[in-house]
Amino acid sequence: MYVIVNQDTCIACGNCGANAPKLFGYNEEGLSYVKVDGNTGTKKIKRRFRDDLLDAYDACPSLSIHISKKPFQTGNN
């Protein structure tokens with residue numbers, strides 16, 4: 001699984017970091033990003049983080065977390 005955060009729609013609520021702190025961090029504006037690849041959606045998320053990722057996805061009120069079976073194209077954040 002690959003993941004990316006759409007920072008244009010992120011409302012900086014903190015739910016993703018609360019559910020998956022090893023996967024999500026926050027920039028200086030408080031917007032979420034994926035730690036493992038700098039929010040490019042190009043590095044596969046390890047299986048051991050799958051449940052946390054899905055919890056973060058479900059908890060995102062702005063639907064800003066996007067999950068794919070294939071890598072995202074660079075620049076789609």
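This briefing covers surface charge, buried positions and backbone features of one chain. The model is predicted. Two charged patches lie on its surface: Lys22, Lys35, Lys43, Lys46 and Arg48 form a positive one, while Asp51, Asp52, Asp55 and Asp58 gather in a negative one. Two residues other than glycine, Asn39 and Leu63, have positive phi values.

**Positive patch**

- Five residues make up this surface patch: Lys22, Lys35, Lys43, Lys46 and Arg48.
- One of them, Lys22, sits in a loop. That loop runs between helix H1 (15-19) and strand E2 (24-26).
- Lys22 counts as exposed because its relative accessibility is 62%, and the cut-off for exposed is over 50%.

**Negative patch**

- Asp51, Asp52, Asp55 and Asp58 bring negative charge together on the surface.
- Asp51 belongs to helix H2.
- The relative accessible area of Asp51 is 55%, so this residue is exposed.

**A buried strand residue**

- Ser32 is part of strand E3, which spans residues 32-34.
- Ser32 has 1% relative accessibility and therefore counts as buried. The limit for buried is under 20%.
- Leaving out residues up to four places away in sequence, Ser32 touches Val5, Gln7, Cys10, Cys16, Phe24, Gly25 and Tyr26.
- Strand E2 covers residues 24-26, and the contacts of Ser32 include Phe24, Gly25 and Tyr26.

**Positive phi in loops**

- Asn39 has a phi near 70°, a positive value in a residue other than glycine.
- The loop holding Asn39 lies between E3 and helix H2 (50-59).
- Asn39 is buried, because its relative accessible area is 3%.
- Leu63 also has positive phi, near 55°, and is likewise not a glycine.
- Leu63 occupies the loop between H2 and strand E4 (65-68).
- Leu63 shows 64% relative accessibility, so it counts as exposed.
- The two loop residues thus fall into opposite classes: Asn39 is buried, whereas Leu63 is exposed.

**After the last-named strand**

- Lys70 lies in the segment after E4.
- With a relative accessible area of 62%, Lys70 is exposed.
- Lys70 and Glu28 are 42 residues apart along the chain. Their C-alpha atoms are separated by 29 Å.

Conventions. Residues numbered from 1 in each chain as written. Predicted model: local features only at pLDDT ≥ 70, side-chain atom pairs only at ≥ 80, totals over all residues. Heavy atoms only, no water. Patch = residues over 30% accessible without salt bridge, like charges linked within 9 Å, V, L, I, M, F, W, Y side chains within 5 Å. Areas by Shrake-Rupley, 256 points an atom, 1.4 Å probe, with all protein chains shown as cover. Salt bridge = Lys/Arg side-chain N within 4 Å of Asp/Glu carboxyl O. Lys, Arg positive; Asp, Glu negative; His and termini not counted. Charge placed at Lys NZ, Arg CZ, Asp CG, Glu CD. Helix = DSSP H or I, 4+ residues; strand = E, 2+ residues; numbered from the N terminus. Buried < 20%, exposed > 50% of the residue type's maximum accessible area, 1.4 Å probe, protein only. Contact = heavy atoms within 4.5 Å.
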